[in-house]
Amino acid sequence: MTRPAHIASLDHDDDPFAGSEGSDRYFNRELSWLAFNRRVLEEACNTAHPLLERLRFLSISGSNLDEFFMVRVAGLKGQQLQDVARLSSDGLTSGQQLAAIVAEADALVTSQRDVWRDLRRQLAETGIAVLSSRTIDEALSAEDLHWLETQFREQLFPILTPQALDPAHPFPFMPNKGLAVMFDLVRMARGPGRAHARSPAARGRFARSSCAGRPQTLVDSARTGHIGGSGVDPRSPTRIDGKPMTRPAHIASLDHDDDPFAGSEGSDRYFNRELSWLAFNRRVLEEACNTAHPLLERLRFLSISGSNLDEFFMVRVAGLKGQQLQDVARLSSDGLTSGQQLAAIVAEADALVTSQRDVWRDLRRQLAETGIAVLSSRTIDEALSAEDLHWLETQFREQLFPILTPQALDPAHPFPFMPNKGLAVMFDLVRISDDQPIRELVMIPAPMPRFLRLPGEKARYVAVESLVKRFAPLVFPGYRVIGGAEFRVLRDSDIEIEEEAEDLVRYFANAIKRRRRGRVIRLELESGMPEGLGAVLRDELGGSDAFVTESGAFLGVGDLEAIVDEDRPDLKFTPFSPRFPERIREFGGDCFAAISAKDIVVHHPYETFDVVLAFLKQAAADPDVVAIKQTLYRAGKQPAVINALIAAAEAGKSVTAVVELKARFDEEQNLLWASALERAGVQVVYGFIDWKTHAKVSMVVRRENGQYRTYCHFGTGNYHPITAKVYTDLSFFTADPRLGRDAAQMFNYITGYVEPENMALISLSPRDLRPRLMRLIDAEIANAREGKPAAIWAKMNSVVDPAVIEKLYEASNAGVEIDLIIRGICCLKPGVPGMSENIRVKSVIGRFLEHSRIWAFGNGKALPNDGAKLFMSSADWMQRNFDRRIEYMLPIENRTVHKQILDQVMVANLIDNEQSWDLQSDGSYVRVQPGERPFNLHRYFMTNPSLSGRGASLAASGSVPKLSLRNRR
């Protein structure tokens, strides 16, 4: 009981007349309320009241009507939808009441409009003008118009999020009392005299406070986006050549192919992209042989090389195979056809697999010597005691056996579907009763852990497939095992985007399901598989399209990661605790106060990603924050970033999330995050249909001293709390209003196809990033030709774009000294006389994965120098980054940040000699020898604070050593 017993039996309905036949005895409750609200409105016409008080009555009548619909009308509508047979006091059904209410409410709204028209005229006569978009220009002076535009650009524009309505931009969630403006637009051709439509505005009013002595002017901000006088029919659909536009017209004809060298004759000028990647993966594998690393970390490198190779076949090799099957006549950078490339790739990949097998054999022996044994089906019996064998058999019977589904292979049992990365064991058996041969297949269930660890202090692991082999008599009672071997399948896993997709979310959900059934691209067989079993697998799975390889006694090297988790700190890197930037601590953890004082760069993973989460969490909780805009490329499975955005939306802030569905192998997780964000009221958009939004940007608009101020975070890495612990990336925080306006334009470009104009600092691809990069290289060429020092330093993951490579060759020939730190693919040939003798390329592979993109230009002096032009970016130098992704390039102007990135990060990468490889002109990589002055850049940053985030106390102590290129060998 929650109320007195004597009224506990009262009907819960709020209409005491429900079901009565009192149409002649009672007025309708809802219509009576509307009559009351009309009396309130009548007071707005009462000339006995002062003018602004009459305006207040009009406002009250509007608020009243809103609440009436949100509660009373909503309740009646609910009754109607649920077919509730309940009559009102005057005998009306819910449907009849709703019809009468809507008619009276519409009449009331018409009266409100008439009253507002009259009051607005009278207010103007008293010196209070409320201007519409149609009257702004004629009513205001040039000075006032300039002030208004400045207010719009600096205060309102950063908060707006224009959103296109198409498959990549579903209709957004509209909050209660939400106000919006919808436009029909036609993209106009570029050229002199081009008309520019103003951006639509959001709800709200600005009262001009700097007009003492003048009549006060109020501008309804929901009207400032009106398009007038442009000669454009607002009813015209956004179509060009009869097709809906989903990308800016100036690059609508770009080729979708990802090979920038197609048809080129540059075999002497470029390395093959795919073979360059395989060379990178061999360097990863070499770290598994590096005795400077702890044993389990070496196993991790072996595992990574295996996972890398799987993905390479699932995407890159699958793409080349598709070209071959479709007879696409396209040559690679070095003049090879798809068939020739595939032959070279398979040969190198097989050699890599052989090396992986040899490395695993060696590591397995060393692990056993340290007390970590990985047992095979052949060694289980001799390695384990009777007690251990009993435990293992019990585990098999109770935990594994119920999940297994042995399947005979005969006309009644066709060969089953094998999922991508599927692992299975095939057996040749003979039935003991009649010596009848039979072939059986046992698939290893994908959700199962690959290894079973036996109990005890000593670590002993058995792979699931080894258990299946060992206990085959339990699986096949009454049969004699003649032979058994494992095999594994890789399938084509790329997703192609159809521009005609009507619903991008549904398209990707279906495409992810189809990907699981992609064409078999690689069939891995256990070494020594009986010839008969191998022939069956080739016929059933491979055919003539799949590449078949023998991969040793353990298939799926990437799964060895599970053993790395063994609790043996003595066999792993010394634990490392990243620092929280001291300068933010000095402001009591207030990110906004610290950023407002000075730009900050945070160097991950040496400085914790928690500072990015703190920035977003503070924005979500801060009542002065009005809007958050966020890109999400790979957010991972940890919900910290997502939860912050959800909390902000639930707190009533305007939150926009650009979720990239095309982030390969993260599509499914991003769909889940997008759904969670939408449920919380976040405006979720998916960018462009055929481009990826790869830029990592977060933007927060905050109310400060009656004005709006924009805070931005620009990252070279993803908003991914897990990878941020092992990827080296930069996070740049700023409150520079120029960068805030540029970021706002970038978001509007993504959400509404509103092409940026007059960007102050940022360059965007595919708009102008490559041209700006070319101009910077040209400037260094000009310096060299004038006899000035000329230098370029660049750090990134890959260099593939032919235009940039040719420009670097030109710079080298002009005398520009060029140092490139390229972790992965490099199609540029360094050190070739007459072409690239002034270009040096190195790769750093170590404890952390080098991921940041940094570009430096000497600007007339040798590097490093304080006047160098320095940039950070989200882009690699690949055609896809320049032409088919949204990327940013950001100049670094703050002196401290400039010094940290150039004099610390870049110099440390250049002088590292413990984790570095030099690329030779023939495409081979040679490991750099430390010599007498060893230097490990990862160790350096783990043990020294950063210049930007060190705080005042550390700055006074001079605790950051100064690095010098003299350390370079």
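Rings of Phe, Tyr and Trp (its six-membered ring) are counted as an aromatic pair if their centres lie within 6.5 Å, and such a pair is called stacked when the planes are under 30 degrees apart, edge-to-face when they are over 60, and tilted for the rest. A search of the whole structure finds 29 aromatic pairs. This is a predicted model, in which local features need pLDDT of at least 70 and side-chain atom pairs count only at pLDDT 80 or more, while totals for chains, interfaces and linings use all residues. Residues are numbered from 1 along each chain as its sequence is written, and side-chain values use heavy atoms, with hydrogens and water left out.

Two of the aromatic pairs are set out here.

| Pair | Centre to centre | Angle between planes | Class |
|---|---|---|---|
| F592 and Y711 | 4.9 Å | 45° | tilted |
| F688 and W691 | 4.4 Å | 45° | tilted |

The pair of F592 and Y711 links distant parts of the chain, with F592 in helix α17 (residues 591–597) and Y711 in strand β21 (residues 707–715), 119 residues apart; helices (H or I, at least four residues) and strands (E, at least two) are DSSP runs, numbered from the N terminus. Both F592 and Y711 are buried, a word that stands for under 20% relative accessible area with a 1.4 Å probe and protein chains only. F688 is buried as well, with a relative accessible area of 0%, and W691 is buried at 1%.

One aromatic cluster is formed by F576, Y606, F848, F935, Y940 and F941.

Notes. Buried < 20%, exposed > 50% of the residue type's maximum accessible area, 1.4 Å probe, protein only.
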